[in-house]
Amino acid sequence: MQTRDTLMDTLRQRLRAMLAMDIPPPAQDAVHDMLALTEAFLAPAQDVVDRRTFDGLIRLAGPSVAPDLLSQLDRDLGAVEIGLSAALAEHDIKAIRQRTHVLIALAGSVGAVELHAMAVAVNSAAHLPQPTDLPPLGQKLLHSTAKLRAFVRGELAAMVPPSPFAQPKVRDTSPP
């Protein structure tokens, strides 16, 4: 029996696989939008980061830089997510090592202790002569990365209230 979480994980895996394909930019944008929508269904982001470490980083950045820092962190985590997903699908050990190396740094810098440990474990497994557990470990790592992204987006939204002049993104659904 599949639960809501396993169904959402499967959907996220399929969407990430689509991003690894050679699809036109408008389709890539649509897939990115769908991937972002699935983040709302992730389990609550409690204990995703060590609050003292995260809050210390935000204080160090200051109120004028912190939103840009979190936006960049979200973009970097997204790039790792897409690259790692593709690398796992292709069993590209070198790319898995590279992506997890970046994730180790990102997770460590914001105090995402469990994600950091998981990224270290996947990176270590990718350095073994015959890594066998990479797909299931990698999928858990991608799920945890998505949780951190959801947390970062929530923190960013709390810092930067939406502009009253912002226009909602409307997709043209009229036939060509």
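## Helix packing, cores and salt bridges

In this predicted model, four residues of α3, namely Phe54, Leu57, Ile58 and Ala61, make contact with Ala66, Leu69 and Leu70 of α4. Sorted by class, the residues of this α3–α4 contact are seven nonpolar, no polar and no charged. Two packed helices are described by the angle between their axes and the distance between the axes. For α3 and α4, the axes come within 8 Å and cross at roughly 125°. An angle over 145 degrees would count as roughly antiparallel and one of 65 to 115 as roughly perpendicular, and α3 and α4 are therefore oblique to each other.

Let us step back to the whole chain. Its secondary structure comes to seven helices and zero strands, so the pattern read along the sequence is α-α-α-α-α-α-α. The protein chain has 176 residues, of which 34% count as buried. Among contacts with a separation of 6 or more, 69% are between residues 24 or more positions apart.

Next come the nonpolar cores. In soluble globular proteins, nonpolar side chains tend to be buried together. Here the largest nonpolar core has 31 residues, and the members that touch the most others are Val49, Ile96 and Leu148. Two or more residues come from each of α3 (51-61), α4 (66-90), α5 (93-110), α6 (113-126) and α7 (134-159). The element that gives the most is α4, with eight residues. Which residues does Leu148 touch, leaving aside those up to four places away in sequence? They are Val48, Val49, Leu77, Val110, Ala112 and Leu115. Another core lies apart from the largest one; it has five residues, including Leu15, Leu19, Ile23 and Val31.

Finally, there are the charged pairs: the structure holds five salt bridges. Three of them are set out here, each with its N to O distance.

| Salt bridge | N to O distance |
|---|---|
| Arg51 and Asp55 | 2.8 Å |
| Arg51 and Glu155 | 3.0 Å |
| Asp74 and Arg149 | 3.0 Å |

Arg51 takes part in the salt bridge with Asp55 and also in the one with Glu155. The Glu155 pair links distant parts of the chain, with Glu155 in helix α7 and Arg51 in helix α3, 104 residues apart. By contrast, Arg51 and Asp55 are four residues apart in helix α3, which means that about one helical turn separates them. Are Arg51 and Asp55 buried or partly exposed? Since buried means under 20% relative accessible area and exposed over 50%, Arg51 at 37% is partly exposed, and Asp55 at 27% counts as partly exposed too.

The salt bridge of Asp74 with Arg149 also spans two helices. Asp74 lies in helix α4 and Arg149 in helix α7, so this pair ties together parts that are 75 residues apart in sequence. Both Asp74 and Arg149 are buried. Through salt bridges that share partners, Asp74, Glu81, Arg149 and Arg153 are joined into one network.

Put together, α3 meets α4 through nonpolar residues, and both helices give residues to the largest core. Helix α7 also gives residues to that core, while its Glu155 pairs with Arg51 of α3 and its Arg149 with Asp74 of α4.

Terms used:
Residues are numbered from 1 along each chain as its sequence is written. This is a predicted model: local features need pLDDT of at least 70, side-chain atom pairs count only at pLDDT 80 or more; totals for chains, interfaces and linings use all residues. Side-chain values use heavy atoms; hydrogens and water are left out. A nonpolar core is a set of buried Ala, Val, Leu, Ile, Met, Phe, Trp, Tyr and Cys residues joined through side-chain atoms within 4.5 Å. Buried means under 20% relative accessible area, exposed over 50%, partly exposed in between (1.4 Å probe, protein chains only). Contact means heavy atoms within 4.5 Å. Axes are lines fitted to C-alpha atoms, for helices over the stretch in contact, and angles run from 0 to 180 degrees between N-to-C directions. Angles under 35 degrees count as roughly parallel, over 145 as roughly antiparallel, 65 to 115 as roughly perpendicular and the rest as oblique. Ala, Val, Leu, Ile, Met, Phe, Trp, Tyr, Cys and Pro count as nonpolar, Asp, Glu, Lys and Arg as charged, and the others, Gly among them, as polar. A salt bridge is a side-chain nitrogen of Lys or Arg within 4 Å of a carboxyl oxygen of Asp or Glu.
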